[in-house]
Amino acid sequence: MSVQQPPWSLPKPTSPEPVLKVYNSLTKSKNEFIPRKGRLVKWYNCGPTVYDASHMGHARNYVTQDILRRIMSDYFGYDIHFVMNITDIDDKASPHSLLLSPYLPLTGLQIITRARQNHVFETFRSEVKDASPDLIDRIRVAWRAFVQERVAKGLPDSERPSVGDEEIEWDHLTTRVQDTQWKLDCLRRDEKFDMYFSSATRTLAALQIAQSHLDAGNTSADVAHKLVDEARDVLAPALDKQYGSTVTDPAVSRSLATYWENRFFEDMARLRVRNPDTITRVTEYVPEIVAFVEGIIKNGYGYEVEGSIYFDTQAFDKADSHDYAKLEPWSKGNRELLEGGLATNKTGRRSASDFALWKASKDGEPSWPSPWGPGRPGWHIECSVMASEILGDNMDIHSGGIDLAFPHHDNEMAQAEAYHECGAWVNYFLHTGHLHIEGLKMSKSLKNFITIDEILQKHSARQLRLAFLTQLWNAKVDFSESLMTGEVRNIETTLNNFFVTVKALVSQARSNGPSSDGYHHYEEAERGLTESFYEHQSNFRAALCDSFDTPTALDILRDMVSRTNVYINSRGKNVNVGVVENITLWVGKMLRMFGLGEGESTELGWGQDNQGEGSINKDEVLMPYLRTLSSFRDGVRQLAMKKGDNALKDILALCDKLRDVDLVPLGVALDDQEDGKALVKLVPSADLIKARDEKRAAQEAKAAKKAAQVEAERQKRIQKLEKGRMSPTVMFRPPNVAGGTYSSWNDDGLPLLDADGKELSKNQTKQVQKAWTNQKKLHDEFLAWQAETSNS
């Protein structure tokens with residue numbers, strides 16, 4: 001009979017494994033995430049329109065998308081193909097909203113118009129050789145037009161300057177703008193009023209300066225160029241009206257977009273946002289866009305009107321396999337939202353909701369050849385085409401800001417589904433929430449517009465990312481200084497302190513080498529902490545499976561850190577460093593997974609802020625520490641060789657100096673322990689210096705307070721002693737009392753008779769006797785103090 005193994009049973013889970021669910025804008029609910037092809041996730045993210053410096057809105061969107069991407073790839077282990085577009089040609093905004101000044105932040109600018117105005121302005125400036133009456137007159141005419149067309153929009157009707165009287169009435173407006181309420185009323189009429197008024201004021205001042213130079217006979221090119229530069233905001237729109245129609249080369253727009261695209265990716269790198277796997281640019285896909293539009297027409301969903309092609313939303317919506325506006329069907333008739341995506345002639349459209357796939361180019365606009373004549377892509381078509389070219393007729397995830405849901409993303413899906421004749425081009429739509437600054441929507445007119453460069457001068461990339469992690473990715477984020485200086489700073493400080501302590505414990509354990517004191521040090525406290533660790537890991541996964549709930553996940557990490565700190569403090573020298581190190585490695589790994597640092601999985605802490613900055617110069621790193629150690633050794637040797645009576649005391653003082661003075665600038669903290677061995681911690685030197693200075697300041701304040709109390713007591717005693725300077729024998733005699741108060745006294749100076757020669761009553765005698773006794777006591781104390789002072 002052969003010997004067989006006993007039967008084996010498949011283990012039954014004691015708790016179910018959470019599945020990833022994501023908030024899907026297509027259902028307005030959390031849906032289980034199921035990629036179509038195994039672990040491969042095809043992901044398209046709407047990229048920026050590159051025309052100006054990146055701002056906090058970009059940070060909110062792209063840092064948040066980066067967090068979601070890292071969770072998907074680094075935590076859940078999906079193989080992600082992340083595609084992002086760059087819109088390098090765009091004309092959604094009106095030319096009348098343009099301001100080109102380097103002094104002002106820019107709003108609502110489109111690449112085409114801004115690039116064209118830059119081009120005509122720079123061309124004009126290069127042709128100006130000297131200051132002349134004609135140049136001044138030309139800029140003055142442009143200034144008057146600017147006042148009438150821009151500044152006047154914010155003014156009350158009664159105070160709008162008459163045509164031709166702009167300069168005469170400007171002084172009155174300059175006075176009025178100092179009135180805060182008046183200015184607020186103007187901003188309500190036009191939120192750009194402050195920018196327009198500032199531009200006009202600056203230009204008028206430049207005109208007056210240039211005129212004074214001209215009157216003095218100074219017509220130099222320097223004077224002319226200073227005038228032109230100061231008048232840029234005012235002059236550029238006027239030049240664009242005159243010369244803009246001659247600028248049709250697409251390279252003009254592309255050069256501007258290239259510059260800002262580079263700046264955008266530089267800012268993203270500073271924010272630790274990973275680069276896309278694939279970058280697409282609209283200007284590189286124009287032939288594919290033309291072919292895509294032809295396919296939509298062929299399928300019966302597009303039609304031509306005077307060289308422009310429109311998408312037939314009604315024909316698409318009526319088709320059995322299609323639905324228009326999947327994300328926001330209730331917005332189909334919202335004209336205000338629809339107008340944002342048209343920017344073309346409405347004549348000939350079959351429906352108000354129809355939008356441009358291809359636009360016939362006007363004078364002064366770049367154009368590409370097409371079967372319908374020279375033109376350029378519509379706003380929405382770019383993403384449909386480029387995403388289809390890379391990811392095909394279906395993608396797992398499409399992401400972007402919530403403000404793009406309708407009409408952009410709805411139109412984008414409609415175009416793609418019309419071309420591919422598919423029912424679902426996108427499986428999951430992830431929209432990041434709005435960003436508010438101190439409770440208000442970010443706006444230049446509200447003076448709360450913040451560029452990424454500006455915010456990184458105040459806060460680190462890690463702190464910004466922490467701020468976004470503390471709030472849900474698809475909810476409105478209210479970014480405030482109280483958030484940054486409160487919750488974010490507390491989180492960072494707590495984790496910093498935790499990592500410093502654990503690194504010190506691990507370093508100390510390793511420096512001692514493998515050893516055993518005969519105990520395993522895995523008792524009830526260690527078992528409890530380990531069980532808590534397992535539970536926190538499970539809860540962390542559940543939080544991220546719940547549509548990337550990073551606020552809860554972050555709280556779980558913080559709670560695990562808190563519990564570990566309690567364990568460390570309670571166990572003292574019996575702490576199980578291995579258990580603590582495992583927990584800390586996991587916490588650090590999760591933080592790096594969120595993008596809060598970079599480094600190896602075996603590294604304790606956040607990881608590094610910057611990687612690949614060259615090899616380490618050991619001399620530069622080690623010499624400051626070695627010099628400090630050598631100096632300490634020299635001091636100990638000298639004290640030992642002197643063999644003085646206070647040698648031991650002096651050596652201890654030298655040890656304190658090493659701890660409190662010498663090692664602080666090097667970022668080394670020594671914590672004295674009960675066993676006489678110091679716990680060595682590596683802490684940022686700035687933190688140690690700050691802590692030392694605060695401790696020193698507190699000690700000095702305490703000493704000053706004590707000295708003040710001593711001085712107050714001394715002054716109080718002196719005042720009391722001064723009262724005893726007068727002898728009791730004279731206290732009831734003039735001039736210490738009014739003349740005629742008493743007429744007779746005994747030998748001790750006590751009064752016997754009053755002014756009329758009558759004996760004092762018993763009550764009066766009792767009162768003066770009590771006063772005399774008190775004064776004698778004070779006088780005796782005064783004489784004793786005086787004798788003591790003279791002897792010393």
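Rings of Phe, Tyr and Trp, the last represented by its six-membered ring, are taken to pair if their centres lie within 6.5 Å. In the present structure, which is a predicted model, the count under this rule comes to 28 aromatic pairs. One of these is formed by Y75 and F76, whose rings lie 5.1 Å apart from centre to centre with 85 degrees between the planes, an arrangement that is edge-to-face. Because a residue under 20% relative accessible area is called buried, Y75 falls into that class at 16% relative accessibility, and F76 likewise counts as buried at 12%.

Y75 also pairs with F540, again edge-to-face, with a centre-to-centre distance of 5.7 Å and an angle of 70 degrees between the planes. Y75 belongs to helix α1 (residues 56-75) whereas F540 belongs to helix α18 (residues 524-545), so this pair ties together parts of the chain that are 465 residues apart in sequence. Both partners, Y75 and F540, are buried. The two pairs belong to a wider arrangement, in which ring pairs link Y75, F76, F533, Y534, F540, W586 and F594 into a cluster.

Aromatic rings also take part in contacts with charged groups. The charged end of R39 sits over the ring of Y78, at a distance of 4.0 Å from the ring centre. In another part of the description, R350 is found over the face of Y303, and here too the distance from the ring centre is given as 4.0 Å.

The packing of helices is illustrated by helix α3 (residues 133-149) and helix α7 (residues 221-230), whose axes come within 11 Å and cross at roughly 5 degrees. Since angles under 35 degrees count as roughly parallel, α3 and α7 are therefore described as roughly parallel to each other. On the side of α3 the contact is made by L135, I136 and I139, and on the side of α7 by A224, L227 and V228. When the residues of this contact between α3 and α7 are sorted by character, six are nonpolar, while none is polar and none is charged.

A further position to be considered is T451, which lies in the loop between β13 (440-441) and α15 (452-456). Although T451 is part of a loop, this residue counts as buried, because its relative accessibility is 16%. Leaving aside residues up to four places away in sequence, T451 touches A53, S54 and H55.

Technical notes. Residues are numbered from 1 along each chain as its sequence is written. This is a predicted model: local features need pLDDT of at least 70, side-chain atom pairs count only at pLDDT 80 or more; totals for chains, interfaces and linings use all residues. Side-chain values use heavy atoms; hydrogens and water are left out. Rings of Phe, Tyr and Trp (its six-membered ring) pair if their centres lie within 6.5 Å; planes under 30 degrees apart count as stacked, over 60 as edge-to-face and the rest as tilted. Buried means under 20% relative accessible area, exposed over 50%, partly exposed in between (1.4 Å probe, protein chains only). Helices (H or I, at least four residues) and strands (E, at least two) are DSSP runs, numbered from the N terminus. A charge sits over a ring if NZ of Lys or CZ of Arg is within 6 Å of the ring centre and within 35 degrees of the ring normal. Axes are lines fitted to C-alpha atoms, for helices over the stretch in contact, and angles run from 0 to 180 degrees between N-to-C directions. Angles under 35 degrees count as roughly parallel, over 145 as roughly antiparallel, 65 to 115 as roughly perpendicular and the rest as oblique. Contact means heavy atoms within 4.5 Å. Ala, Val, Leu, Ile, Met, Phe, Trp, Tyr, Cys and Pro count as nonpolar, Asp, Glu, Lys and Arg as charged, and the others, Gly among them, as polar.
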